[in-house]
Amino acid sequence: MTLTLGLNFGTHDAAAAIVHNGTVVAAIEEERLNRIKNTKAFPEHSIRACLDLTGAHAKDLDQVALFVDPKLHLLLAPANLRFGTVASIGSLLSDLGKYRKRRRLPGMIRRSGLLPADLPVIPVPHHRAHAASSYLVSPFEDALVVTLDGRGEYETAAVFDGIGGRLTRHHHITYPHSFGYLYSALTRYLGFRPQTDEYKVMGLAAYGDTSYSERLDRLARFDAAAGRLRLDLRYFDHHRRPSARRTLYSPALVSLLGPPRQPGEEITDRHRDIAHALQRLLERLVGAYLGHAQSLVPRRTLCLAGGVALNCVANATVIGSGRFDQVFIQPAAGDAGTSVGAALSVCDPKHRVPLANAFLGPAYSDSVIETALSKLPAGRYRVRATISPHQEAAAMLSAGNVIGWFQGRMEFGPRALGARSILASPCSAATAVRINAMIKQREAFRPFAPAVLAEHATGYFDLAEAGALVYPYMLATSSVRPHRRDEIPAVVHIDGSARVQTVHRDTNPDLWRLIDAFRQQSGVPIVLNTSFNGADEPIVCTPDDAVATFVRCGLDGLVIGRFVATPSSPAASRSTGRLRKVP
């Protein structure tokens, strides 16, 4: 009987998770609680929340598993010294500084005051934590396991063989050659934030063409004979500058592609075409690496993890490649998921339990919800209890309303899967325009996801059997069947694709009941599903977050627990009024 706390912090997407005898019982991203998107902070709020969820105290923990092995950071130094330039010496000193910071992480845990000072802290290599986060919660006994990200210690990708709950590494790619840094460098070049906005580039890519493909192909290649990704480092500077000063791309990239886009600058066809070429390059490179991985570990079941595994379009290419019978991707495939993977890595693999769903965060009582609703601006909103929140929500969607939906335990991972969602009917393209422009205040090119009843999914989408375990987590795109596109235009991207979420009655019952009620009223077994948050905010966690976002974003309604809140007049839904304080 062991209770293990897994932690990720000091890098983006800080998180905590608790594993009890091989079962992930709680997992929460720190950003949801401290309200700082992609926070690196020590996850003190998440630790407390995970302990509360499990009914445990810090003294009940047996061990802490850390997402990184600090001593492995020393292996960055040889990689940088190979370049033999003054700039690379500066980068070397920066990397040694990172090693010193990483070495202090176990001490930070012990000094936090949250945990017993004598609690064992076990470091887990970053890519092993990624691999465990996927394989050890998958339903597979044996699997090829591949991790792809920017960098963890000195590795940027790795191949493992998962057998009987144990992971054996067979291959790795070392820094500075990196799938993740390739995509992040071009993300910055296109005027977006690296390690944050890559998904925007993925969405933008569908609007471009192949005009820049030949030039983008110069940036990287896969050496099949050596099994190595090779970036042409003339176009990058992530390996040459301390991280505080780097731009990720070099002047040579500007000479190749033209001037970089500045944040907020108009997006032109050139930017769209570069995004398109980048996305296609990534897909080819990932495909080549998976082919090499499968030659080393010849299995037809695949587990993917790492930040690159959040690229839904690349995942669709993998699923459709025919190489694999089944693919599994853990819903928090990025660094937040290493909190889960680290904890599982130090537990007995004989007791591992497959992940049933992603609802691993906190839930809230009616009394907490009522207190939050009481803070709505006086006279501007109506609140009532209901015995049929699913039916009420479906009726609001059928009437063309855009609503907040807050039910049960919060999701773990970057996708809103029906516990903390903004929902709408998919039947009008104008709805998507309104949500992008007025409610979420985001770029118009970004698509919305369809959440579809699993039993009706193949009637609307061209789904591959190999992706059956991926689609419930909204981690792969699919082609929308041509004769259905005019029926659900709000969730069809410019290229006829959609980032599908299949909703199963047994694993996501609240959202399933809502969509089924909407189907009975409208004839369409699909709703538009996007994350419940405003621009550049984390997804809501608490009822207070939900109520504040409901007001600020001008939603038409909020269905939260067994309560329904609506504006008392249309003008109220566009109000930015402050919430009242409750004595």
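1. Let me start with the contact between helices H11 and H12 in this predicted model. From H11, the residues involved are Gln279, Arg280, Leu282, Glu283, Val286 and Leu290, and they meet Val313, Ala314, Thr317 and Val318 of H12. Sorted by class, this contact holds six nonpolar, two polar and two charged residues. Arg280 and Glu283 both sit on the H11 side.

2. The geometry of that pair is worth a look on your screen. H11 covers residues 269-296 and H12 covers residues 312-319; the two pack at an angle of about 45°, and their axes are 10 Å apart. H11 is therefore oblique to H12. The crossing in which H11 passes H12 is right-handed.

3. A second helix pair makes a nice companion to the one above. Helix H6 (residues 126-135) and helix H13 (residues 338-345) have axes that come within 7 Å and cross at roughly 90°. Because of that angle, H6 counts as roughly perpendicular to H13. On the H6 side the contact uses His126, Arg128, Ala129, His130, Ala132 and Ser133, while H13 supplies Thr338, Gly341, Ala342, Leu344 and Ser345. The residues of this contact split into four nonpolar, six polar and one charged.

4. Turning to enclosed space, how many cavities of 30 Å³ or more does a search of the whole structure find? The search gives two. The largest cavity holds about 40 Å³ of space. Its lining is made of Val137, Gln330, Pro331, Val340, Leu355, Asn357, Ala358, Leu360 and Phe412. By class, that lining has seven nonpolar and two polar residues, with no charged ones.

5. The second largest cavity has a volume of about 30 Å³. Gly22, Leu136, Leu344, Cys347, Asp348, Pro349 and Arg352 form its lining, and these divide into four nonpolar, one polar and two charged residues. You may recognise Leu344 from point 3, where this residue of H13 takes part in the contact with H6.

6. Among the pockets, please have a look at the second largest one, which contains about 300 Å³ of space. Its lining has 20 residues, and those closest to the centre are Ala356, Pro472, Tyr473, His504 and Thr507. Which strand gives the most to this lining? That is E20 (residues 501-503), with three residues. The lining as a whole is made up of 13 nonpolar, six polar and one charged residue.

7. There are also some backbone details that you might like to check by eye. The peptide bond that runs from Tyr175 to Pro176 is cis, and its omega is near 10°. Pro176 is placed in the loop that joins strand E8 (166-174) to helix H7 (179-189).

8. Finally, two residues deserve a glance for their phi angles. Asp13 is not a glycine, yet its phi is positive, at about 65°; this residue belongs to the loop between strand E1 (3-8) and strand E2 (15-20). Asn21, also a residue other than glycine, has a positive phi near 50°. The place of Asn21 is the loop between E2 and strand E3 (23-29).

Technical notes:
Residues are numbered from 1 along each chain as its sequence is written. This is a predicted model: local features need pLDDT of at least 70, side-chain atom pairs count only at pLDDT 80 or more; totals for chains, interfaces and linings use all residues. Side-chain values use heavy atoms; hydrogens and water are left out. Axes are lines fitted to C-alpha atoms, for helices over the stretch in contact, and angles run from 0 to 180 degrees between N-to-C directions. Helices (H or I, at least four residues) and strands (E, at least two) are DSSP runs, numbered from the N terminus. Angles under 35 degrees count as roughly parallel, over 145 as roughly antiparallel, 65 to 115 as roughly perpendicular and the rest as oblique. A crossing is left-handed if the near helix is turned anticlockwise from the far one by less than a right angle, and right-handed if clockwise. Contact means heavy atoms within 4.5 Å. Ala, Val, Leu, Ile, Met, Phe, Trp, Tyr, Cys and Pro count as nonpolar, Asp, Glu, Lys and Arg as charged, and the others, Gly among them, as polar. On a 1 Å grid over the protein atoms alone, a cavity is a set of points where a 1.4 Å probe fits but cannot get out, and a pocket is an open set with protein on both sides within 12 Å along at least five of seven lines; lining residues have an atom within 4 Å of a point. Grid points are joined across faces, edges and corners, and a volume is the space filled by probe spheres set on the points.
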